[in-house]
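Here's a quick walk through one protein model and a few spots in it that are worth a look. Have the structure open while you read.

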Amino acid sequence: MRNRVMAGNWKMNKTYSEAVELATGLAAELKDGTGSVDVIVAPPAVDLKGVAEVIEQEKAPFALSAQNVYFEESGAYTGETAPSMLESVGATYCIIGHSERRGYFGETDEDINKKAKKLMEHGIIPISCCGEPLEVREAGTHVEFVTDQIKKDTEGLQITDPSKYIIAYEPIWAIGTGKTATADDAQEVCGAIRKTLAEIFGQETADGIRILYGGSAKPTNVAGFLEKDDVDGALVGGASLKADSFAAMVKAAM
Ligand code: PEP
């Protein structure tokens, strides 16, 4: 039995006060709880502490995620953030390998693998993203492309508790474009990801890992994705920037 996950990636949006306001609004929308759905918000790094304070004060039923981390403990890495720093402000999840980080900042599968290992050493749950660009989808090799990413991103990971490692399948052509994959497209790849995880870690572990869909998910389409056997939730960009729309997605998952 896998608890569903609804994770909001705020990306580079929201100043400190706007982030506090959004978190406060979301706490109010979700005041009656989220059932068995694990709700996560990922504000920009400078907003983490403020959102952590809202979660504590409002007893909000959601957890805090960072959007990125570096794989060293400390030192001369200007502009980077260490896992211990995320821990110190209350982040219990961290997105890694988002296609925007891969595309704009040159992040490789090797980096993503190192980040996952370092986060797990610190007890922070990685939300590890994968997904194909449009040309790969058009060539029909998306399943091979994504499962190859999974093999590289998980190489050498010790997954003792499968609820503590999350994958987000996000076809790049569907992110922020308004173009969504169909629920069947999502199931095809999420199913192949689970099969690959079973080959690597064994069926029991694979069956416990949550696999999310991401890419223009919104209140009106999320339920269709969630009906699919291997889709355990969503990683949501644009539609997580308003408390009412993200709360509606959480409620659709309950
Ligand atoms: C994302 O960035 O993870 C994402 C899925 O964005 P959007 O929902 O805006 O497509």
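## Starting from Cys129

Keep in mind that this is a predicted model. Let's begin with what Cys129 touches: leaving aside its neighbours within four places in sequence, Cys129 is in contact with Ile95, Ile96, Gly97, His98, Arg102, Asp153, Ala168, Glu170 and Leu235. The residue itself sits in strand E5, which runs over 125-130.

Is Cys129 buried or exposed? Its relative accessibility is 1%, and buried means under 20%, so Cys129 counts as buried. For a sense of distance, take Ala52: the two are 77 residues apart in sequence, and their C-alpha atoms are 24 Å apart in space.

## The cavity next door

Cys129 also shows up in the lining of the largest cavity, together with Gly97, His98, Ser99, Arg102, Cys130, Gly131, Gln149, Glu170 and Ile172. Several of these are already familiar, since Gly97, His98, Arg102 and Glu170 are among the contacts of Cys129.

How many cavities of 30 Å³ or more does the structure hold? Just one, and the space inside the largest cavity comes to about 40 Å³. Helix H4 (99-105) and strand E5 each give at least two residues to the lining. Sorted by class, that lining has five polar, three nonpolar and two charged residues.

## Around the ligand

Two of the cavity-lining residues, His98 and Glu170, turn up again at the ligand. There are 14 residues around the ligand, and Lys11, His98, Glu170, Gly176 and Ser216 come nearest.

Now for the polar distances. A side-chain N or O atom of His98 is 2.8 Å from an oxygen atom of the ligand. For Glu170, the corresponding side-chain distance to a ligand oxygen is 2.7 Å. Gly176 uses its backbone instead: one of its polar backbone atoms is 2.7 Å from an oxygen atom of the ligand.

## Two helices to check

Helix H11 covers residues 243-253, and its buried residues are Ala243, Ser245, Phe246, Ala247, Met249, Val250 and Ala253. What do they pack against? Their partners are strands E1 (5-9), E2 (38-42) and E8 (233-236), plus helices H1 (16-29) and H10 (222-226). As a reminder, an α-helix has 3.6 residues a turn, so residues three or four places apart point the same way.

Over in helix H9 (residues 203-208) you'll find Thr205. Thr205 has a relative accessible area of 15%, so it is buried. Not counting residues up to four places away in sequence, Thr205 touches Ile159 and Pro162.

How values were computed
Residues are numbered from 1 along each chain as its sequence is written. This is a predicted model: local features need pLDDT of at least 70, side-chain atom pairs count only at pLDDT 80 or more; totals for chains, interfaces and linings use all residues. Side-chain values use heavy atoms; hydrogens and water are left out. On a 1 Å grid over the protein atoms alone, a cavity is a set of points where a 1.4 Å probe fits but cannot get out, and a pocket is an open set with protein on both sides within 12 Å along at least five of seven lines; lining residues have an atom within 4 Å of a point. Grid points are joined across faces, edges and corners, and a volume is the space filled by probe spheres set on the points. Helices (H or I, at least four residues) and strands (E, at least two) are DSSP runs, numbered from the N terminus. Ala, Val, Leu, Ile, Met, Phe, Trp, Tyr, Cys and Pro count as nonpolar, Asp, Glu, Lys and Arg as charged, and the others, Gly among them, as polar. Buried means under 20% relative accessible area, exposed over 50%, partly exposed in between (1.4 Å probe, protein chains only). Contact means heavy atoms within 4.5 Å. A residue is near a molecule or strand if one of its heavy atoms lies within 4 Å of it. A polar contact is a pair of N or O atoms within 3.5 Å; within protein, one must be able to donate a hydrogen and the other to accept it, and residues adjacent in sequence count only if both atoms are side-chain atoms.
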